[in-house]
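Dear colleague,

I am handing over the structure below, and after it you will find my notes on what was found. Please read the notes with the coordinates open beside them.

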Amino acid sequence: KKRPEGTVMLDANGLAGGAVEAGEEADWVFLGSYRTMANRGGGFIYTYLLKNAVPLKDGAGTNNFRGEGDDEAQTIFYMGENEISTAVAEGAFKEVKWAATMSLSLLHLQTARLGAVSGKPVAPVP
């Protein structure tokens, strides 16, 4: 099966092809993999925080973008971190995988800021 144009194979740590060039930092953070249907042996969700998102196709990231292969209508929302935090707290993300990914992303950003303020790395909670 052919991958869609503009996609990159990632390993379990969210690295392209399992490696990032020396001196470079990955543009994404792997937030973890989680079961989506634990009782029925269902699939997994692989969550990532993309730090420097840029459109890969003409019109991507705009309301004029026409996707390929997905007939479901979608609306693009641009939200800042405070808006996302409020939306998570108010239960505005009605799909649990989106709510979890947004929550994990916020936790990662807050934890990174704590480490930057203290000057010490903040270990993730196991």
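E95 is partly exposed, with a relative accessible area of 30%, and in this predicted model its side chain meets that of K97 in a salt bridge, at 3.3 Å from N to O. K97 likewise counts as partly exposed, at 36% relative accessibility. The count of salt bridges comes to two, and the other one joins the side chains of E81 and R113, with 2.5 Å from N to O. This second pair links distant parts of the chain, since E81 belongs to helix α1 and R113 to helix α2, 32 residues apart. Of these two partners, E81 is partly exposed at a relative accessible area of 31%, and R113 is partly exposed at 42%.

The two helices also meet through nonpolar residues. The largest nonpolar core is made up of five residues, I84, A87, F93, M102 and L106, and α1 (81-89) and α2 (96-118) each supply at least two of them. Leaving aside residues up to four places away in sequence, L106 touches E81, I84, S85 and V88, so that E81, a partner in the salt bridge with R113, is also among the contacts of a core residue. As general background, nonpolar side chains in soluble globular proteins tend to be buried together.

Turning to the strands, the count of aromatic pairs comes to two. In one of them, the rings of F30 and Y48 have their centres 5.2 Å apart and their planes at 55 degrees, so the pair is tilted. Because F30 lies in strand β1 (residues 28-35) and Y48 in strand β2 (residues 44-50), this pair ties together parts that are 18 residues apart in sequence. Both rings belong to partly exposed residues, F30 having a relative accessible area of 24% and Y48 one of 25%. The other pair, F44 with Y46, has ring centres 6.2 Å apart and planes at 40 degrees, so it is tilted as well; F44 is partly exposed, with a relative accessible area of 42%.

As for the chain as a whole, it has two helices and two strands, which follow the pattern β-β-α-α along the sequence. Of its 126 residues, 14% count as buried, and the accessible surface comes to about 10,400 Å², of which 56% belongs to carbon and sulfur atoms. Among contacts with a separation of 6 or more, 27% are between residues 24 or more positions apart.

With best regards

How values were computed: Residues are numbered from 1 along each chain as its sequence is written. This is a predicted model: local features need pLDDT of at least 70, side-chain atom pairs count only at pLDDT 80 or more; totals for chains, interfaces and linings use all residues. Side-chain values use heavy atoms; hydrogens and water are left out. Helices (H or I, at least four residues) and strands (E, at least two) are DSSP runs, numbered from the N terminus. Buried means under 20% relative accessible area, exposed over 50%, partly exposed in between (1.4 Å probe, protein chains only). Contact means heavy atoms within 4.5 Å. Accessible areas come from the Shrake-Rupley method with a 1.4 Å probe; for residues, only the protein chains shown count as cover. A nonpolar core is a set of buried Ala, Val, Leu, Ile, Met, Phe, Trp, Tyr and Cys residues joined through side-chain atoms within 4.5 Å. Rings of Phe, Tyr and Trp (its six-membered ring) pair if their centres lie within 6.5 Å; planes under 30 degrees apart count as stacked, over 60 as edge-to-face and the rest as tilted. A salt bridge is a side-chain nitrogen of Lys or Arg within 4 Å of a carboxyl oxygen of Asp or Glu.
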